[in-house]
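Dear colleague,

Please find below the structure that I am handing over to you. My findings follow directly after it.

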Amino acid sequence: MNKLTKVLIVSPTYNEIESIHSLITRIGTIREALANRYDLSLLVVDDNSPDGTAQKVIALQAQYAGNLFLEVRTKKSGLGTAYVHGFKWALMKGYDFIFEM
């Protein structure tokens with residue numbers, strides 16, 4: 001049995017309640033299509049969105065167990081640092097490829 005290539009998409013968010021469900025379901029569909037070759041996951045790095053973005057991600061985590069992750073930072077710290085946070089997280093978890101979205 002071949003080991004699947006681990007791929008992570010990092011998506012920083014702030015007040016994305018209107019679009020986060022669509023993003024997660026679309027990536028879930030892509031994951032299913034590539035499942036025989038890639039282990040595709042999504043990491044949402046949320047800057048403590050006041051609109052409930054993180055809570056929406058938490059609500060969807062059961063549906064995408066093991067492939068949807070959330071890191072909530074305490075304050076709005078910017079896009080660049082959110083990507084760095086996500087990249088460090090991915091490297092610690094042993095991902096083969098990291099994409100930013």
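What share of the contacts in the protein chain with a separation of 6 or more is accounted for by residues 24 or more positions apart? In this predicted model, the figure is 80%.

**Overall architecture**

The protein chain holds three helices and four strands. Read from the N terminus, the order of its elements is β-α-β-α-β-α-β. Its radius of gyration is 13 Å, close to the 13 Å that the globule rule gives for 101 residues, so the protein chain is as compact as a globular protein of that length. Along the principal axes, the C-alpha atoms occupy a box of roughly 45 × 25 × 20 Å.

With regard to exposure, 37% of the 101 residues are buried. The accessible surface of the protein chain amounts to about 6,100 Å², and carbon and sulfur atoms contribute 55% of that surface.

**Strand β1 and its partners**

I should like to draw your attention to strand β1, which covers residues 5-13. Seven of its nine residues are buried, so β1 is largely enclosed by the rest of the structure.

Strand β1 is joined to two strands, β2 and β4. With β2 (residues 38-46), β1 runs parallel and shares nine bridges; in this pairing, Thr5 stands opposite Tyr38 of β2. With β4 (residues 97-100), β1 also runs parallel, here through four bridges. In that pairing, Leu8 of β1 faces Ile98 of β4.

The link from β1 to β2 includes a helix: β1, helix α1 (residues 20-33) and β2 together form a β-α-β unit, and this unit is right-handed.

**Thr13**

Thr13 belongs to strand β1. Is this residue buried or exposed? Its relative accessibility is 5%, and because buried means under 20%, Thr13 counts as buried.

Which residues does Thr13 touch, once its neighbours within four places in sequence are left aside? The contacts are Ile20, Val44, Val45, Asp46, Asp47, Ser49 and Thr53. Among them, Ile20 falls within the range of helix α1 (residues 20-33), while Val44, Val45 and Asp46 fall within that of strand β2 (residues 38-46). Thr13 therefore has contacts in both of the elements that complete the right-handed unit begun by its own strand, and it counts as buried at 5% relative accessibility.

With kind regards

Note on methods:
Residues are numbered from 1 along each chain as its sequence is written. This is a predicted model: local features need pLDDT of at least 70, side-chain atom pairs count only at pLDDT 80 or more; totals for chains, interfaces and linings use all residues. Side-chain values use heavy atoms; hydrogens and water are left out. Buried means under 20% relative accessible area, exposed over 50%, partly exposed in between (1.4 Å probe, protein chains only). Two strands pair if DSSP finds at least two bridges between them. A crossover is right-handed if, with the strands pointing away from the viewer, the path from the first strand over the helix to the second runs clockwise. Contact means heavy atoms within 4.5 Å. The radius of gyration is taken over C-alpha atoms; the globule rule is 2.2 Å times the number of residues to the power 0.38. Accessible areas come from the Shrake-Rupley method with a 1.4 Å probe; for residues, only the protein chains shown count as cover.
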